[in-house]
Amino acid sequence: MKILLPVDGSKSALNAAKYVGKLAKDLRSKCTVTIISIHDDIGLGHVKQFVANSVIDDYLREISEKDLKGAQKALDAAGVKHNMVIKRGNVAGEIIALANKEKFDLIVMGSKGRTGILDALMGSVAQKVSNSAKQAVLLVK
């Protein structure tokens, strides 16, 4: 079973990582887990005119690496092998694109990220993924 685990550094994402660790052990079959961190740079449009693209890339990569650490630790503690992907772009779109391209069986993600009020206005990433993905989506509180 191929499991995609999108993370954003939130408590909900960490709970999803712990759940994937338990699920992989309970299945007792070979599971491959890919942790993905995605940052949308659309809000950095005004900064791009003053800062080099490489600086923005480094900044977003650094944030993604911090977001991935909790999930890595949870999966390592459960003894689950995993790989990591860092992307830049529309978060829900990138999750769905990778899930389809790599033919994942299941997407497990936190039901509530860290973005707060913006989600209330635009709809959450979890909602967009669960509505659009071809794969089963498991939301963890």
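How many of the five residues of strand β1 are buried? The model that the reader sees here is a predicted one, and in this model strand β1, which spans residues 2–6, is mostly covered, with four of its five residues buried. From β1 the chain passes through helix α1, residues 11–27, and arrives at strand β2, and the β-α-β crossover made in this way is right-handed. Strand β2 covers residues 32–39, and β1 pairs with β2 in the parallel sense, over five bridges. One of the residues that can be followed across this pairing is K2, whose bridge partner in β2 is T32.

Strand β1 also has a connection to β4, since the two strands run parallel and are joined by two bridges. Here L4 is the residue to look for, as L4 stands opposite I107 in β4. Strand β4 itself is made up of residues 106–110, and the loop that lies between helix α4, residues 91–101, and β4 holds K103.

K103 deserves a closer look at its backbone. Most residues other than glycine have a negative phi, whereas K103, although it is not a glycine, has a positive phi of about 55°. With a relative accessible area of 63%, K103 lies above the 50% cut-off and is therefore classed as exposed.

The residue F104 brings the reader back to K2, because the charged end of K2 sits over the ring of F104, at 4.9 Å from the centre of that ring, which falls within the 6 Å limit for such an arrangement. As for rings that pair with one another, the count of aromatic pairs in this model comes to zero.

Returning to strand β2, the reader finds H39 within it. Is H39 buried or exposed? Its relative accessible area is 10%, and because this is under 20%, H39 counts as buried. The side chain of H39 is also in polar contact with the side chain of D67, at a distance of 2.9 Å.

The charged side chains form a further theme. Side chains of opposite charge can pair when their charged atoms come close, and three salt bridges are present in the structure. In one of them the side chains of D26 and K22 meet, with 2.8 Å from N to O. Both D26 and K22 belong to helix α1, where they are four residues apart, about one turn of the helix. D26 is partly exposed, with a relative accessibility of 48%.

Another salt bridge is formed by the side chains of R61 and D58, with 3.0 Å from N to O. These residues both lie in helix α3 and are three residues apart, again about one turn of the helix. R61 is partly exposed at a relative accessible area of 37%, and D58 counts as partly exposed as well, at 44%.

Which parts of the chain does the salt bridge between D57 and R88 link? The side chains of D57 and R88 meet at 1.8 Å, N to O, and this pair links distant parts of the chain, with D57 in helix α3, residues 53–78, and R88 in strand β3, residues 82–88, the two being 31 residues apart. D57 has a relative accessibility of 29% and so counts as partly exposed, and R88, also at 29%, counts as partly exposed too.

Methods
Residues are numbered from 1 along each chain as its sequence is written. This is a predicted model: local features need pLDDT of at least 70, side-chain atom pairs count only at pLDDT 80 or more; totals for chains, interfaces and linings use all residues. Side-chain values use heavy atoms; hydrogens and water are left out. Rings of Phe, Tyr and Trp (its six-membered ring) pair if their centres lie within 6.5 Å; planes under 30 degrees apart count as stacked, over 60 as edge-to-face and the rest as tilted. A charge sits over a ring if NZ of Lys or CZ of Arg is within 6 Å of the ring centre and within 35 degrees of the ring normal. Buried means under 20% relative accessible area, exposed over 50%, partly exposed in between (1.4 Å probe, protein chains only). Two strands pair if DSSP finds at least two bridges between them. A crossover is right-handed if, with the strands pointing away from the viewer, the path from the first strand over the helix to the second runs clockwise. A polar contact is a pair of N or O atoms within 3.5 Å; within protein, one must be able to donate a hydrogen and the other to accept it, and residues adjacent in sequence count only if both atoms are side-chain atoms. A salt bridge is a side-chain nitrogen of Lys or Arg within 4 Å of a carboxyl oxygen of Asp or Glu.
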